[in-house]
Amino acid sequence: MKPTPPGWPRISSALYYEDAARAIDFLCRAFGFEVRLKIEGDGGRIEHSELVYGEGLIMVASEKLEKFPKHRAPANVGGANTQNMMVYVDDVEAHCKRAREAGAKIISEPTTHDYGEEYWEDRGYECEDIGGHGWWFYQRIRNPKPKA
């Protein structure tokens with residue numbers, strides 16, 4: 001594979017919100033994202049933004065139904081959510097506490113998932129952000145044992 005453009009991960013995702021400015025503030029406060037770029041349009045509408053978490057990147061914007069009629073916030077499609085974000089964090093317990101205090105809806109409390117010695121063990125939780133998007137935050141507990 002060729003290298004990615006400078007400063008861009010191999011894969012990133014875009015999320016749409018009814019109130020993207022409020023969502024950006026929440027994502028930074030609750031989950032620890034940092035704003036790399038924020039482009040505001042008429043009336044403060046977020047046309048494009050880039051939020052980073054380590055080497056990961058998400059784009060957050062307001063719905064633009066006139067241009068992208070299928071790009072919707074979950075609240076505007078009956079709460080449906082066609083993708084969940086998964087993010088590895090350093091301390092899943094502290095992260096969950098921070099998210100809860102900022103108003104994230106915790107769907108499942110931190111739980112350990114052990115897939116066996118030849119695979120891995122993770123500890124994580126699931127939550128929903130203020131716009132209805134699903135998130136999984138995990139911490140790697142044990143890597144797979146190397147094969148002989």
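Biologist: In what order do the elements of the protein run from the N terminus on?

Modeller: The order is β-α-β-β-β-β-α-β-β-β, and the totals are 2 helices and 8 strands. Do keep in mind that this is a predicted model.

Biologist: How far does the C-alpha trace span along its principal axes?

Modeller: It spans about 60 × 40 × 25 Å. The protein has 148 residues, and buried ones make up 35% of them.

Biologist: Let's take a single residue. Why is His 133 called buried or exposed, whichever applies?

Modeller: Its relative accessibility is 6%. Buried means under 20%, so His 133 counts as buried. You will find this histidine in the loop between β7 (121-128) and β8 (134-142).

Biologist: Which residues does His 133 touch, leaving out those up to four places away in sequence?

Modeller: They are Leu 15, Tyr 16, Tyr 17, Pro 74, Asn 81, Cys 127 and Glu 128.

Biologist: What makes the pair of His 133 and Tyr 16 a polar contact?

Modeller: A polar atom of the His 133 side chain lies 2.9 Å from the backbone oxygen of Tyr 16. The cut-off for such a pair is 3.5 Å, and 2.9 Å falls within that limit.

Biologist: And Gly 44: why does it get its accessibility label?

Modeller: Gly 44 has a relative accessibility of 31%. Partly exposed is the range between 20% and 50%, so Gly 44 counts as partly exposed. This glycine is in the loop between β2 (34-40) and β3 (46-53).

Biologist: Which residue of that hairpin of β2 and β3 takes a positive phi?

Modeller: That is Gly 43, with a phi near 65°. The hairpin has 5 residues between its strands.

Biologist: How do you know that β2 and β3 pair?

Modeller: Pairing asks for at least two bridges. Here 6 bridges join β2 to β3, so the condition is met, and the two strands run antiparallel. If you would like to trace them, Leu 37 stands opposite Glu 50 in β3, while Val 35 has Leu 51 as its bridge partner there.

Biologist: In what order do the strands of the open sheet with β2 and β3 come?

Modeller: This sheet of 4 strands has the order β1-β4-β3-β2, with mixed pairing. What makes β1 and β2 the edge strands is that each pairs on one side only. Neighbouring strands are turned by 20° against each other on average, direction ignored.

Biologist: What does α1 touch when it packs on the sheet?

Modeller: α1 touches β1, β2, β3 and β4, and its direction makes about 5° with that of β3.

Biologist: How does the reach of α1 compare with the expected span?

Modeller: α1 has 12 residues, and the expected value at 1.5 Å a residue is 16 Å. From first C-alpha to last it reaches 15 Å, close to that expectation. After α1 comes Gly 32, whose phi is positive, near 90°.

Biologist: Which element gives the most to the largest nonpolar core?

Modeller: α1 does, with 8 residues. The core as a whole has 28 residues, and those with the most contacts inside it are Leu 27, Phe 31, Ile 58 and Trp 135. Buried residues of α1 include Ile 24, Leu 27 and Phe 31. In soluble globular proteins, nonpolar side chains tend to be buried together.

Biologist: What does Ile 58 touch, not counting residues up to four places away in sequence?

Modeller: Its contacts include Leu 15, Leu 27, Phe 33, Leu 51, Met 85 and Trp 135.

Biologist: Now the open sheet that has β7 and β8: what order do its strands have?

Modeller: The order is β5-β8-β7-β6, and the pairing is mixed. Its edge strands, β5 (84-88) and β6 (105-114), each pair on one side only.

Biologist: And what makes β7 and β8 a pair?

Modeller: They share 8 bridges in the antiparallel sense. At least two are needed, so β7 and β8 count as paired. One spot to look at is Gly 124, which stands opposite Tyr 138 in β8. α2 packs on this sheet, touching β6, β7 and β8, with its direction at about 5° to that of β7.

How values were computed:
Residues numbered from 1 in each chain as written. Predicted model: local features only at pLDDT ≥ 70, side-chain atom pairs only at ≥ 80, totals over all residues. Heavy atoms only, no water. Buried < 20%, exposed > 50% of the residue type's maximum accessible area, 1.4 Å probe, protein only. Polar contact = N/O pair within 3.5 Å; in protein donor to acceptor, adjacent residues only side chain to side chain. Contact = heavy atoms within 4.5 Å. Core = buried A, V, L, I, M, F, W, Y, C linked by side-chain atoms within 4.5 Å. Expected span 1.5 Å × (residues − 1). Axes fitted to C-alpha atoms, helices over the stretch in contact; angles between N-to-C directions.
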